[in-house]
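Me: I am new to this structure and would like to learn how to read its features one at a time. Could you take me through them slowly, with the general idea before the particular case?

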Amino acid sequence: MLETPQGDGWSADDDLVTLLDHVSRLVYGIGFADGLFPAQWVALRYFHDSPEPARTLTALARFQRIHLAPVSRTVSTLVDKGLLARRPHPGFKRGWLFDLTDEGRALLVRDPLRQSLGPPIAGLAEDERAMLGRLMKRIIAHMQAGPVTEDKAQDKAEDPPVA
């Protein structure tokens with residue numbers, strides 16, 4: 001078990017933050033596999049799981065909440081490695097759609113994230129998996145909303161309660 005500091009105002013919430021940090025570092029670390037970087041695995045998973053209209057650089061950048069330039073470099077590398085194929089977007093003259101190649105699909109079968117997290121998640125009871133999913137979505141939504149500033153906190157305090 002991960003040891004966390006105690007005392008000096010350390011709380012159970014701090015323990016959970018430390019555990020989530022530890023999980024995120026482990027997830028990031030296993031993303032260096034099969035000659036790919038974590039961002040490249042994210043892109044492969046994204047293009048595998050997304051419907052055709054969302055298989056664009058812009059959609060991937062929005063999904064990851066990062067700028068287009070690093071996403072473009074990541075995708076170009078995956079195209080150069082033969083893991084993604086680029087084709088013209090039918091609705092946009094200068095746009096592209098991306099599809100996994102056979103090599104990309106074969107590599108995704110060995111996805112280190114799914115291999116590592118799949119078994120412990122599968123070992124959870126159905127209600128535990130459902131609860132974990134709900135909790136992770138809440139944490140993600142909160143983090144994507146950005147940091148709470150004094151202005152945002154004041155706005156929240158003035159909002160009427162939602163029933």
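Reply: Let us begin with the aromatic rings, bearing in mind that this is a predicted model. A search of the whole structure finds five aromatic pairs, and one of them joins Tyr46 and Phe47 in an edge-to-face arrangement, with 5.4 Å from centre to centre and 80° between the planes.

Me: Are the two residues of that pair, Tyr46 and Phe47, buried or exposed?

Reply: Tyr46 counts as buried because its relative accessibility is 10%, under the cut-off of 20%. Phe47 is also buried, with a relative accessibility of 2%. Phe47 takes part in another pair, with Phe98, and this one is tilted, at 5.6 Å centre to centre and 45° between the planes.

Me: Why does the pair of Phe47 and Phe98 tie together parts that are apart in sequence?

Reply: Phe47 belongs to helix α2, which covers residues 38-49, while Phe98 belongs to strand β2, residues 96-100, so their pairing links parts of the chain that are 51 residues apart in sequence. Phe98 counts as buried because its relative accessibility is 0%. Taken together, Tyr46, Phe47, Phe63 and Phe98 make up one aromatic cluster.

Me: Which charged end sits over the ring of Trp96?

Reply: That is the charged end of Arg86, which is placed 5.5 Å from the centre of the Trp96 ring.

Me: How should I read a nonpolar core, and which residues of the largest one touch the most other members?

Reply: The general idea is that, in soluble globular proteins, nonpolar side chains tend to be buried together. Here the largest nonpolar core has 21 residues, of which Leu44, Phe47, Val75 and Leu84 touch the most other members. At least two residues of this core come from each of α2, α3 (57-64), α4 (68-80), β2 and α5 (102-108), and α2 gives the largest share, five residues. Phe47 can serve as an example, for when residues up to four places away in sequence are not counted, Phe47 touches Arg55, Thr56, Leu60, Val75, Leu84, Phe98 and Leu100.

Me: Where does Arg55 lie, and which residues does Arg55 touch?

Reply: Arg55 has its place in the loop between α2 and α3, and Arg55 counts as buried because its relative accessibility is 15%. Not counting residues up to four places away in sequence, Arg55 touches Phe47, Ser50, Arg87, Trp96, Leu97, Phe98 and Asp99. As for Leu97, its C-alpha atom is separated by 5.4 Å from that of Arg55, although the two residues are 42 residues apart along the chain.

Me: What can you tell me about Gln40, which lies in helix α2?

Reply: Gln40 is buried, with a relative accessible area of 6%. Leaving aside neighbours within four places in sequence, Gln40 is in contact with Gly35, Thr74, Thr77, Leu78 and Lys81.

Me: How is empty space found, and how much of it lies in the largest pocket?

Reply: In general, rolling a probe the size of a water molecule over the atoms shows where empty space is left. In this model the largest pocket holds about 2200 Å³ of space, and 42 residues line this pocket, the closest to its centre being Leu20, Val23, Val27, Met136 and Ile140. The lining draws at least two residues from each of α1 (12-30), α2, α3, α6 (112-122) and α7 (126-144).

Me: Which residues have a positive phi although they are not glycine?

Reply: The background is that most residues other than glycine have a negative phi. Asp34 has a positive phi of about 55°, and this residue is found in the loop between α1 and α2, where Asp34 is partly exposed at a relative accessible area of 44%. Arg65 has a positive phi of about 60° and lies in the loop between α3 and α4. Arg65 counts as exposed because its relative accessibility is 53%, over the cut-off of 50%.

Me: To finish, how many helices and strands are there in the protein?

Reply: The protein has eight helices and two strands, and along the sequence they follow the pattern α-α-α-α-β-β-α-α-α-α. Of its 163 residues, 23% count as buried. Among contacts with a separation of 6 or more, 42% are accounted for by residues 24 or more positions apart.

Key: Residues numbered from 1 in each chain as written. Predicted model: local features only at pLDDT ≥ 70, side-chain atom pairs only at ≥ 80, totals over all residues. Heavy atoms only, no water. Phe/Tyr/Trp six-rings, centres within 6.5 Å; stacked < 30°, edge-to-face > 60°. Buried < 20%, exposed > 50% of the residue type's maximum accessible area, 1.4 Å probe, protein only. Helix = DSSP H or I, 4+ residues; strand = E, 2+ residues; numbered from the N terminus. Lys NZ or Arg CZ within 6 Å of the ring centre and 35° of its normal. Core = buried A, V, L, I, M, F, W, Y, C linked by side-chain atoms within 4.5 Å. Contact = heavy atoms within 4.5 Å. 1 Å grid on protein atoms, 1.4 Å probe; cavity = no way out; pocket = protein on both sides within 12 Å on 5 of 7 lines; lining within 4 Å. Points joined across faces, edges and corners; volume = space filled by probe spheres on them.
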